[in-house]
Amino acid sequence: MRSALLLSFAGLLAAQPKQFVGSKTCASCHPAQSAQQSASGHAHSLHRATEHPLADAFLPRAPLVREPNFSFRFSRGPQGLAVQVSDGTNAATVPIQWAFGAGDQAVTFVSQLDQDSYLEHHFSYYASAKSLRPTPGHEGGRATVARQALGVLHKTFDPEPKIMRCFQCHSTGRLTLGSSFDLQPGEPGVRCEVCHGPGSAHVAAIGSGQLETARKLIDNPRRLSASNLNQLCGHCHRMPAPAGVATNWNDPWNARHQPLYLAQSACFNKSRGALSCLTCHDPHQRLRRNDAAYYDGRCAVCHDSKKHPPLSGPIGSCTGCHMPVVRAHEHLRFANHWIGVYRA
């Protein structure tokens, strides 16, 4: 009788709509993983602008200039961060509400202008420059009035809701609308439930002592095939283009779409399902930038270094040769995930 009741309870949990519980709830049982993940770039991919760890760096000491005659002044007041743009005659001031990006490479600012539109600010913060520069894609645009100079407008409910996608990929949980039709993320940053799914049924099963059932009621990306796992990551990092859609492989900007390029590599296609994003990247940890020895170790799992031709020249690592850094933008660099043999 007890077994029948437990099975019935497990079935009831599985049938209920799952709700997001938040990373703090996850941390109560998984403190080590939570502490690591909380320090990662994923966890810091979205902040209220004033709460970003780099907020002080978002305030240049001198005005910034945009052609032909616009001057930008950034400030912090009781209401938070704001930017004012002026052409000497007319001026417009906009609060800086959201900061997208952890800041390892860049941070782009977004604000709601009215019930129908959001502003992607003209200036972004770049770690390599330690200052503000034009946002990618904004460099060639020409503005004629102050409001237009502030940046690019996005319709909140556009048929291709780009701004909603930005919030969805930089946050966790369901995106909702506030009273002013403002987009409200469930939890800022890419946290536990982006990869593991809504945790309410999992938590309820643990609370009732059903540990084996609880394991089945939470997603574990490691159970996925390499192709499906890469598609999971590719939901935000861009998955392979649909059939019939051409990709410009010579456009350096596309190098930031890692799953797209990885899917083209011989390493992936000959791995028989062994090579995935998790092969080299632990999603609970910070990205291992400039740690060539670590990535060489990952390559050595499949490749015998003794059979490799002698290394020559300044590049002395696997990734340095076979995943060369691509300059996608003046201030942005990405490893080329189309693993291959490259020549000068």
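**Reading burial, pairing and cores in a predicted model**

Modeller: Leaving out residues up to four places away in sequence, Ser171 touches Leu46, Pro185, Glu187, Pro188, Gly189 and Val194, and I should say at once that this is a predicted model.

Biologist: What makes these residues count as touching Ser171?

Modeller: The cut-off for a contact is heavy atoms within 4.5 Å, and Leu46, Pro185, Glu187, Pro188, Gly189 and Val194 are therefore listed for Ser171.

Biologist: Why is Ser171, which is found in strand 12, called buried?

Modeller: Its relative accessible area is 4%, and since the word is used for values under 20%, Ser171 is therefore called buried.

Biologist: What makes the pair formed by the side chain of Ser171 and the backbone oxygen of Phe167 a polar contact?

Modeller: A polar atom of the Ser171 side chain lies 2.6 Å from the backbone oxygen of Phe167, and the limit for such a pair is 3.5 Å, so the distance satisfies that limit.

Biologist: Turning to the sheet with the order 2-3-4-5, why are strand 2 and strand 5 said to stand at the edges?

Modeller: This is an open sheet of four strands with antiparallel pairing. Strand 2 (64-66) and strand 5 (91-95) each have a single partner strand, so one side of each has no neighbour in the sheet. From one strand to the next, the twist averages 25°.

Biologist: How do you know that strand 3 and strand 4 are paired?

Modeller: Pairing requires at least two bridges, and seven bridges join strand 3 (residues 70-77) to strand 4 (residues 80-86), so the two strands, which run antiparallel, count as a pair. Within these strands, Gly77 stands opposite Gly80.

Biologist: Is Ala82, which is found in strand 4, buried or exposed?

Modeller: Ala82 has a relative accessible area of 15%, and the cut-off for burial is under 20%, so Ala82 is buried. Beyond its neighbours within four places in sequence, Ala82 is in contact with residues including Arg73, Phe74 and Thr93.

Biologist: What makes a set of residues such as the one that includes Phe58 and Phe72 a nonpolar core?

Modeller: Its members have to be buried residues of the nonpolar kinds, joined through side-chain atoms within 4.5 Å, and the largest such set has 24 residues, with Phe58, Phe72, Phe74, Val85, Phe109 and Leu150 having the most contacts inside it. Among the elements that give two or more residues to this core are strand 3, strand 4 and helix 4 (146-149). A second, separate core of nine residues includes Trp98, Phe100, Ile163 and Leu183.

Technical notes
Residues are numbered from 1 along each chain as its sequence is written. This is a predicted model: local features need pLDDT of at least 70, side-chain atom pairs count only at pLDDT 80 or more; totals for chains, interfaces and linings use all residues. Side-chain values use heavy atoms; hydrogens and water are left out. Buried means under 20% relative accessible area, exposed over 50%, partly exposed in between (1.4 Å probe, protein chains only). A polar contact is a pair of N or O atoms within 3.5 Å; within protein, one must be able to donate a hydrogen and the other to accept it, and residues adjacent in sequence count only if both atoms are side-chain atoms. Axes are lines fitted to C-alpha atoms, for helices over the stretch in contact, and angles run from 0 to 180 degrees between N-to-C directions.
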